[in-house]
Amino acid sequence: MTKNTMNALTQATLGDPDVLHEARLARPEPGIGQILVAVHAAGLNPTDWKHRASGLFLGEPPFTLGWDVSGVVEAVGFGVSLFAPGDEVMGMLPYPYGAGSHAEYVTGPARAFVPKPAGLSHVEAGALPLAALTAWQALVDNAQVGPGQRVLVHAAAGGVGHLAVQIAKARGAHVIGTASAAKHDFVRGLGADEVIDYRTTDFVTQARDVDVVLDSLGGENCLRSLEVLAPGGILVSILPDQWDAVPVRARELGVRARFMLVEHDQAGMAAVAGLAASGQLRAHVSGTYSLAEAAKAHAEGETGRVTGKLVLAVRA
């Protein structure tokens, strides 16, 4: 074991969680405009298991997954002035081709990172970037949520959803969330004004005159969500299922529809970190795992029943 190598989570084939394994890989070096981060914690997101199973945007392995990062700057590349070795940082690596945070070290653009709020542990900070940036970019950049607007957040107890509820509340919105009955208290605790049990109640009959819908479920749910929007309202979806039909139906109803993929974004990351530092945004971590336990974490995530986020604690 040398300083030029590291432990990393990798896979040689696509498939079930058991294709994941730890290996000794070459430690990366920061290039121009990059920083090398000693990873302390890295969140897990549905895109991780989708890439593991299908390759999605990354194609065939081998590869190391992971876009969330919280850690300490180990070295900086040529031209980097924002950070220095020893700085605690958090951020999201460029999606999708910048993956690699499920390892002891990772490199990324300096401007993909911001200082980690002192009041957050690395596990708490590592849970935030991808999911919180998704929620921020959907609600703020796309929908421009503001005071008094009615916002419907689907899967409000999930990774993106539970952060979206908090961001919408911080922007002064009236928030409606969908969740199973067992998670209603959790969602209300995040600040939701109304919670709908999607298993027993049709949200279309319950949520009316909504200004903004954040859909993280796709499919028929996305299409039907257009029905609850007030004239001029907007649906932002992070899943492209049935997307050919959605814009057509939106035009018929006089509403707007957008599909988005999250992007690394220092300004958005700084806004997320600011909300976290002020106590207005907190990731709920329902489980932490070591790199060696990653297959177990992926299996848990794929159940679709996780409340909040799962995190790999790379350094205890």
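Contact here means heavy atoms within 4.5 Å. The model is predicted: local features need pLDDT of at least 70, side-chain atom pairs count only at pLDDT 80 or more, and totals for chains, interfaces and linings use all residues. Residues are numbered from 1 along each chain as its sequence is written, and side-chain values use heavy atoms, with hydrogens and water left out.

**Stop 1: Thr107**

Select Thr107, which lies in strand β6; helices (H or I, at least four residues) and strands (E, at least two) are DSSP runs, numbered from the N terminus. The relative accessible area of Thr107 is 18%, so Thr107 is buried. The term buried stands for under 20% relative accessible area, exposed for over 50%, and partly exposed for values in between (1.4 Å probe, protein chains only). Leaving aside residues up to four places away in sequence, Thr107 touches Pro28, Glu29, Pro30, Gln34, Ile35, Leu36 and Leu93.

**Stop 2: Arg27 and its partners**

Move next to Arg27, in the loop between β2 (21-26) and β3 (34-44). Its relative accessible area of 17% makes Arg27 buried. Two features may be displayed here. Arg27 lies over the face of Tyr105, at 4.8 Å from the ring centre; a charge sits over a ring if NZ of Lys or CZ of Arg is within 6 Å of the ring centre and within 35 degrees of the ring normal. Arg27 also meets Glu74 in a salt bridge, at 3.9 Å from N to O. A salt bridge requires a side-chain nitrogen of Lys or Arg within 4 Å of a carboxyl oxygen of Asp or Glu.

Glu74 belongs to strand β4, and the pair links distant parts of the chain, 47 residues apart. Glu74 is partly exposed, with 36% relative accessible area. Add Glu29 to the selection: Arg27, Glu29 and Glu74 are linked in a network of salt bridges. A second charge over a ring is found at Arg224, which lies over the face of Phe203, 5.6 Å from the ring centre.

**Stop 3: salt bridges within helices**

The structure holds 13 salt bridges. Select helix α5 (residues 184-189), where Arg188 and Asp185 lie three residues apart, about one turn of the helix. Their closest N and O atoms are 3.9 Å apart in a salt bridge. Arg188 is partly exposed at 44% relative accessible area, while Asp185, at 64%, counts as exposed.

Then select Glu252 and Arg249 in helix α8, again three residues apart. Here the salt bridge spans 3.0 Å from N to O. Glu252 is exposed, with a relative accessible area of 55%, and Arg249 is partly exposed at 27%. Why does this spacing suit a helix? An α-helix has 3.6 residues a turn, so residues three or four places apart point the same way.

**Stop 4: aromatic pairs**

Rings of Phe, Tyr and Trp (its six-membered ring) pair if their centres lie within 6.5 Å; planes under 30 degrees apart count as stacked, over 60 as edge-to-face and the rest as tilted. By this rule there are three aromatic pairs. One of them joins Trp67 and Tyr95, a tilted pair at 5.0 Å centre to centre with 55 degrees between the planes. Trp67 is in the loop between α1 (46-54) and β4 (68-76), and Tyr95 is in the loop between β5 and β6, 28 residues apart. Both Trp67 and Tyr95 are buried.

Trp243 and Phe259 form a tilted pair as well, with ring centres 6.0 Å apart and planes at 50 degrees. Trp243 lies in the loop between β12 (229-237) and α8 (245-253), and Phe259 in strand β13 (residues 256-259), so the pair ties together parts 16 residues apart in sequence. Trp243 is buried at 18% relative accessible area, whereas Phe259 is partly exposed at 33%. Finally, show Phe57 together with Trp67 and Tyr95: these residues form one aromatic cluster.

**Stop 5: helix α1**

Select α1 and its buried residues, Thr47, Asp48, Trp49, His51 and Arg52. The elements that cover them include β3, α3 (129-142) and α10 (294-301). Gly55 follows α1, and its phi is positive, near 85 degrees.
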